[in-house]
There are 2 protein chains.
Amino acid sequence: MSPDDGSVAGTGEFALIQAVTNGRRQPATTLLGPGDDAAVVAAPDGRVVATTDVLVQGVHFRLDWSSPEQVGRKAVAVNLSDVAAMGAKPTTVLVGFACPPDTPAQVVTEIMNGMWAEATRGGVGVSGGDMVSADQIVISVTALGDLEDREPVTRSGARPGDVLAVCGRLGWAAAGLAVLRRGFRSPVGVVNAQRCPEPPYPAGPQAALAGATSMIDISDGLLADLGHIAAASDVGLDVHTTDLEISTRLQEVGTALGADPLRWVLTGGEDHALAATFPPFDELPEGWRRIGAVTMPGSGVTVDGKEYGHEGGWEHWQQH
Amino acid sequence: MSPDDGSVAGTGEFALIQAVTNGRRQPATTLLGPGDDAAVVAAPDGRVVATTDVLVQGVHFRLDWSSPEQVGRKAVAVNLSDVAAMGAKPTTVLVGFACPPDTPAQVVTEIMNGMWAEATRGGVGVSGGDMVSADQIVISVTALGDLEDREPVTRSGARPGDVLAVCGRLGWAAAGLAVLRRGFRSPVGVVNAQRCPEPPYPAGPQAALAGATSMIDISDGLLADLGHIAAASDVGLDVHTTDLEISTRLQEVGTALGADPLRWVLTGGEDHALAATFPPFDELPEGWRRIGAVTMPGSGVTVDGKEYGHEGGWEHWQQH
């Protein structure tokens, strides 16, 4: 790998870090950005929300399905969504980036551009990171957030009688995955939903302000993730299909592929919508829609009062 | 991979996460530990120090040279050391962990045991993380820290006339690497120094309290890392070899391998000692020893006033 072949090895670690950090505009929460042993980030609440999610090439993304920019956006989005799901406002992300030495430097800078684009959409900056060599691209992002003097909204506060609601899209990423697996590239709406989620970050703090009793980021599928709330809160959760809007677009894709769009909505992962429970009779915050109710302990997660036939989530070790 | 073959795939992601988190004792700084969308960690200063370092199997560690426990300890140590180098007290670590599905679950739990051991040595807990599948083991650790109402000690505050000092071992990891490369496993002191550093975490806050004007974690080698202080502070730095204690053990290993131990001390990486500059005439904090002086801008990093012949650091993309 010669110094001018355009690979990350040819470009060099320090030059590449320069290329991906220079000229970036840090928000006010970044008190000290990249370039020292560590970053310094504002934590006005006196507590910091922190989460890490790792994306691996060939497991969580494919560069023949997604552009490098979409991969970068996704890596940041899945983490900011976890911060939002605690009811917190994101403050920064840090990036651990591993790739083969012969990776084109252009691919890395495009992934970083995507990270910065999504970070900016979430109101934060990339305040630090590490770049190393590996056999495949592995992107580890850590996101931090501020609770703004509210208590964190955990998975364990749901109470029987609460309203179950969601904010954000359901089933779109799964429909997009089904399309891509058939070798198609359209409809672009669902395909792009698979390539990169668009989590509704402000909906997390809004739900917390509105008194949400529990909240979770839907990464593995609605029913699977509601199972975590059911277990942590020791309640049942019933999804009402009459409350689930299945968009015309999902219905069209379902018809075209001979698939049941309801299954995508109930079990499809990677949309990173937020699900939360709210006290009954309270008005839901803007953008949130009721999809069911919290029921008595022991009944688990049900759909219209019954166990759902196609349940299941996503375990990373299983081969799909 | 069957459910009982002892692999991570057979064990399953959720069962494995249970196995590596159950029964762990979180310190008081962990306000909400693993198991929700994100952790909540104390940040009493109102600012949080944050850093991420990634370790890759075959690049940063080898499981035929190090035990899984040593690998885990190292992954945490290199990050806590970066927090200390800002003059901050570590508060927590988060772990992004990727490994092949056929990795023995035992290896993963031993790596996690090592992480917890080193986290405990640093006074922190493992408050969150992610486990995913990849072709090789990749460990991404993020460490957070608290400034305790002090200003962060950056790389940019050194002034001509300041004293240059270090705390911690120099050259031991490089000597250990030389031993391992020859196929030997002893002397165990230097070999273990290569397998896992023992950074002097409390020395970071102590240096900050004592008025350190700049500080850095020595990960790539003394001269290479002093180069970062020289560049960021726009000063020169001169190392006095008469002030460098080369231990009997390093001299013995050097003699046995026909190598110059001074080179290990000046250019060897991975010891994670701390280097800092202090105002002249002030007493150095306990454990710190003077090794040179800050000189005028433009002279770079010198050894006894002259450029050192064997300079160099470590770029991750280069093949060694």
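## Exercises: annotated sites and a domain interface

Between domain 1 of chain A and domain 2 of chain A, the count is one salt bridge (a side-chain nitrogen of Lys or Arg within 4 Å of a carboxyl oxygen of Asp or Glu). This is a predicted model: local features need pLDDT of at least 70, side-chain atom pairs count only at pLDDT 80 or more, and totals for chains, interfaces and linings use all residues. Residues are numbered from 1 along each chain as its sequence is written, chains are lettered from A and ligands numbered from 1 in the order in which they are written, and side-chain values use heavy atoms, with hydrogens and water left out.

**Exercise 1. Describe the interface between the two domains of chain A.**

Step 1. Set the bounds. Domain 1 covers 8–146 and domain 2 covers 163–303 in chain A; such bounds come from an automatic or database domain assignment. Their C-alpha centres lie 26 Å apart.

Step 2. Take the contacts (heavy atoms within 4.5 Å). In chain A, 21 residues of domain 1 are in contact with 21 residues of domain 2.

Step 3. Take the buried area (accessible area, 1.4 Å probe, that two parts lose on being put together, summed over both). For domain 1 and domain 2 of chain A it is about 1700 Å², and carbon and sulfur atoms give 58% of that.

Step 4. Find the salt bridge. The side chains of A:Lys74 and A:Glu270 form one, at 2.9 Å from N to O.

Step 5. Assign the elements (helices, H or I, at least four residues, and strands, E, at least two, are DSSP runs numbered from the N terminus). On the side of domain 1 that touches domain 2 in chain A, α3 (68–84) and α4 (105–121) each supply at least two residues. There α3(A) gives the most, with nine residues.

**Exercise 2. Locate the annotated binding site residues.**

Step 1. Read the record. The UniProt annotation "binding site", from an unreviewed entry, covers A:Asp37, A:Thr51 and A:Asp82. The farthest two C-alpha atoms are 25.9 Å apart and the residues span 46 residues in sequence, so they do not all gather at one spot. UniProt positions are given in the numbering used here, feature names are shortened, and annotations may be inferred rather than shown by experiment.

Step 2. Place A:Asp37. This residue is in the loop between β1 (30–32) and β2 (39–42) of chain A. Its relative accessibility is 5%, so A:Asp37 counts as buried (under 20%; exposed is over 50%, partly exposed in between; 1.4 Å probe, protein chains only). Beyond four places in sequence, its contacts include B:Thr51, B:Asp82 and B:Arg155.

Step 3. Place A:Thr51. This residue is in strand β3 (residues 47–56) of chain A. A:Thr51 also counts as buried, at 5% relative accessibility. Not counting residues up to four places away in sequence, A:Thr51 touches residues including A:Asp82 and B:Asp37.
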